[in-house]
Amino acid sequence: MTLDPDTSAKIARYRPRHAPAGWEDVAPLVRSVVTATVTAVPYDVERLLHAVAALVLWAEASGLPRDPDAWLRGEVIDAFVLSRAGALAPTSVQTYRTWLRRVRDALAWTDRGEPVPPKLHAPANPHEPYSSDELAGLRDWASRLRGQQRTDALALLGLGAGYGLTPREVASTRGLDLRRPGPGHPLVHTGIERSPVAARAQWEEVLADLADEAGGRYLFRPQRTKPYAKNLIGSWSHLHQPADGLPPLSVGRLRAGWIVELMRERIDHDLIAKAAAGLGRLAGPLPAPRPAARRRHRGPAPARQDSVTLPRSWRDAEKARRRRPRPVTDAPAEIPDSKVGQVDFLLHRSGALDLIDAELAGRPGPDGLPVRTVLAGLLLALHYQASANLADACRVLLDQISPTARSWLHVPEIEPGDPWARNAFCQRVYRSFDRLTTALDPARTDRRRRLPLTEAAVHAFAWEDADAEHVRRRDLLQQISDRLVLVTVQLAHRRGLFKGWQGDAGTDTTAFPAWHRPHSKRRGLASVEITGGWHFSGGSTEGEFGYSATLLASVSRRHPAGHPAAGTRVSRHPQLILGAALDSPGKRVGPNAVHTLQALVPLGLPIGLLAADRAYTDQVTEHFQSHVRRLGYQLALDYKQDQRGIQGSHLGAALVDGTLACPLMPEPLANATTGLDDKTVINPDETLQQRLAAREPYFLKRKQGPDRGGAVRFQCPAAGSSPSVTCPRFNRAHRPQAGPPTVVDLTSTRSTSAHLSAKPSVQITPAERLRPPPVKDLPRICRKPTITVRPGDLGKIDKLRQDRPYLGPAWRDAYKPMRAHNEAVNGRAKGHRINIADPKKRLAHGRVAQAILLALMVLMINLLTIQDWFSTTGPEPATTATVKDYDGLTPTPADFNGLPPPPG
């Protein structure tokens, strides 16, 4: 087969206007198919290239094999044209399908069991002729234009209404093409492929003048060099709109009016058809022209606002008064009794004092200073001095609270100038705190010196062994910590601050550095923090010696369904720390997170989505994922580079980036993220985005669950009343009942996209198509369309399973904002007011002391967060006149009959 040089050149240099990155990979396929079929189909090579290239690029983005046998199948062509229904006119959709099916037929391929193609319906949209008044108005409007605009408008009118030319013929007409065979003869157009056509009498004079002026140049836009270009006429008509309510200038409508005039003069229809030589195109669809770009607005720039927006806190005079700077003096600030009463109320309300008193009861020796006094002093020091050191707590108790508050906390009256009495009181504070830490420590050691490594290892093992007494003390310490942390959460929930919260939480492990030196193998000495270790943050090569703190935060998605169209955040609530656990770095990362979730169960809070970083993705299934799912939470996870892509299978379904999918998902889609680095995943290119979107129909659909045990039922994507794919294997195995044939209404985008032919078609191998295997040999998901997945069913790879397609819109709308909120909570916990990462603010020795101080810090961080919430976006604080209704979230003003002495 030999093509003419012009056609060969067009095929060789063809490239789409906005070619994607993968065009060079599929361009040889497009050119080979068009070369093989261009002489066998009655279409222009440019249109053929455009249609075939659009199909191939769509198939490439859908993950289909790079094989004409795959993407020229009937069901693939139907899915392609229906996917373009919203971007093309209905008649253009029909035209595209006709072109591509003619290309397929030209390659002499048989159906080979393809489904019956659906019937496409589009209302006829022929060009409506101009009325005589409209045509006269357009001619008058064109004659009043100036310069080249007048010439172009009259050329379009004369060639369209005078000769009945098509847009391509109008564009290629030159002045020399119009001539008279002899004196008194009509003006004839000889430059068209069909037989010469005489001009209508009313347009002869105009066309003759235009032809004399143009000479050998084009009549329309004579400065151009190309005979024809897409949107050549359409863009001109778009930019030159007639006034006075006249319709836009259209060559198709002019040509239709020319034909109607001939028919009114009772000219034989056969002669009209020969003169038109393409009359059938008037009722047939053409590719939809791309609208021309609008002119840029060249008007003056919008005026800038001269006023400066004031900060929100300045707009309220009362808030501005409260925020004005206070004079600095050398005298210690006096803490209001209401704040002391609030702190003491929180300690009693938490229930931690009950556990402590029960543990210390019956111990030998004098009772000493109550532990309640020490903890209250530490909370006040955290609030006013951002410090959890016992020395700062002593100064607060001695110098900064009123005599009334000191009587509540059993602090003796001491003269400010008596150093011996002050020192004695400080010693009582230290002994009281030491008494508490000694009672809770599984293996009490001398925390004033560094022990040898062998001796320290024996004591450190008490934090890991299964000794009943050691386990009891470790559990009691965590219970006390939980009660201190959750007291503000309980009160906020009771106050209604979590109204509308969906139960979404984010867990993270952050560094909790120690003040003391690390272990030294060279000197053979252990650190004073015998259970401390090196904490390495994600992506960091330098560790911090100390502990790891697991923090659980209340976070929010952009929308419950994971779709940005419905708004930004789901609910407005204070981002509180819901749980905290202190442990040696790298140990019990998953179980600590599970413990913080289990501690929330008695509170009756909602259960939603849990977002966790890669440290939790690496946890053994039995340590994290299984327990989280049994609690009712869904998971949103991230992966390392070597964990992306196909991760395994279960009952025949492939696990693709944490989501179960059809085993016949195209390989380019299943491996779309395989081996990608983090930078590419964070900022995906267009090709990756297309492949991620093309994955969605192949994922198994959630049919039911999760139930109380975390079990979820999934369904084959080809099953059900609304399948997302069409699958020949499913149709053969289950033989679904075929309904009556339906006609696809191309004018309705909703019905077009919902039709089964618009869904992706699962591709099976030619061998399976010719010799189908027995149904019993098919994978379990193909034999029975539903499967039940319970926590741990996937074995080791169950730790990678999550409940939203990785990197999809639902995952991004959940994971990214939730992780951002989680990091914001970590940043607030390490802020300028209270900094849990500063060991100088908590110098007490030992893991028990550090765990208690962490709980007190979290309590105060939550309290400050709630106060900020009240003063900015939250509701007004409660103003209750009785202690019975006091919620403990804000200090009670003293003028409300004062605050009576707390119990004890």
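**Group meeting talk: charges, bridges and burial in one chain**

Hi everyone, let's start with a single residue: glutamate 205, which sits in helix H10, spanning residues 201-214. Before going further, please keep in mind that this is a predicted model. Is glutamate 205 buried or exposed? Glutamate 205 has a relative accessible area of 62%, so this residue counts as exposed. Glutamate 205 also has company, as Glu205, Asp209, Asp212 and Glu213 form a negative surface patch.

Let me step back to the whole chain for a moment. You will find 34 helices and 17 strands in the chain. The chain has 904 residues, and 50% of them count as buried. The exposed area comes to about 44,600 Å², with 53% of it supplied by carbon and sulfur atoms. Now take the contacts between residues at least 6 apart in sequence: 72% of these join residues at least 24 apart.

For one residue's contacts, look at threonine 166. Threonine 166 is in the loop between helix H8 (147-163) and helix H9 (167-172). With a relative accessible area of 17%, threonine 166 is buried, because the cut-off for buried is under 20%. Which residues does threonine 166 contact, leaving aside its neighbours within four places in sequence? The answer is Val251 and Arg255.

On to salt bridges. How many salt bridges are there in the count? The count comes to 44, and I'd like to walk you through a few of them.

Here is one: glutamate 134 and arginine 253 form a salt bridge through their side chains, at 3.7 Å from N to O. Glutamate 134 belongs to helix H7 (residues 132-143) and arginine 253 to helix H12 (residues 251-264), so this pair ties together parts of the chain 119 residues apart in sequence. As for accessibility, glutamate 134 is partly exposed at 25% relative accessible area, whereas arginine 253 is buried at 18%.

Another pair is arginine 395 with aspartate 392, where the closest N and O atoms are 2.4 Å apart. Where do these two lie? Both are in helix H18 (residues 390-399), three residues apart, or about one turn of the helix. Arginine 395 is partly exposed, with a relative accessible area of 42%, while aspartate 392 counts as buried at 11%.

My next pair is aspartate 678 and arginine 644, a salt bridge whose closest N and O atoms are 2.8 Å apart. This pair links distant parts of the chain, 34 residues apart: aspartate 678 is in helix H27 (residues 678-682), and arginine 644 is in the loop between strand E10 (634-636) and strand E11 (646-650). Is arginine 644 buried or exposed? Arginine 644 is buried, with a relative accessible area of 4%. Its partner, aspartate 678, is partly exposed at 29% relative accessibility.

Finally, let's move from pairs to a group. Which residues are linked in a network of salt bridges? They are Glu464, Asp583, Lys587, Arg588 and Arg847.

If you want to follow along on the structure, here is a short route. Begin at the negative surface patch that includes Glu205, then visit the salt bridge between glutamate 134 and arginine 253. From there, go to arginine 395 and aspartate 392 in helix H18, and finish at the salt-bridge network that includes Arg847. Thanks for listening!

Conventions. Residues are numbered from 1 along each chain as its sequence is written. This is a predicted model: local features need pLDDT of at least 70, side-chain atom pairs count only at pLDDT 80 or more; totals for chains, interfaces and linings use all residues. Side-chain values use heavy atoms; hydrogens and water are left out. Patches are made of residues with over 30% relative accessible area and no salt bridge: like charges are joined within 9 Å, nonpolar side chains (Val, Leu, Ile, Met, Phe, Trp, Tyr) within 5 Å. Accessible areas come from the Shrake-Rupley method with a 1.4 Å probe; for residues, only the protein chains shown count as cover. A salt bridge is a side-chain nitrogen of Lys or Arg within 4 Å of a carboxyl oxygen of Asp or Glu. Lys and Arg count as positive and Asp and Glu as negative; His and the chain ends are not counted. The place of a charge is taken as NZ of Lys, CZ of Arg, CG of Asp or CD of Glu. Helices (H or I, at least four residues) and strands (E, at least two) are DSSP runs, numbered from the N terminus. Buried means under 20% relative accessible area, exposed over 50%, partly exposed in between (1.4 Å probe, protein chains only). Contact means heavy atoms within 4.5 Å.
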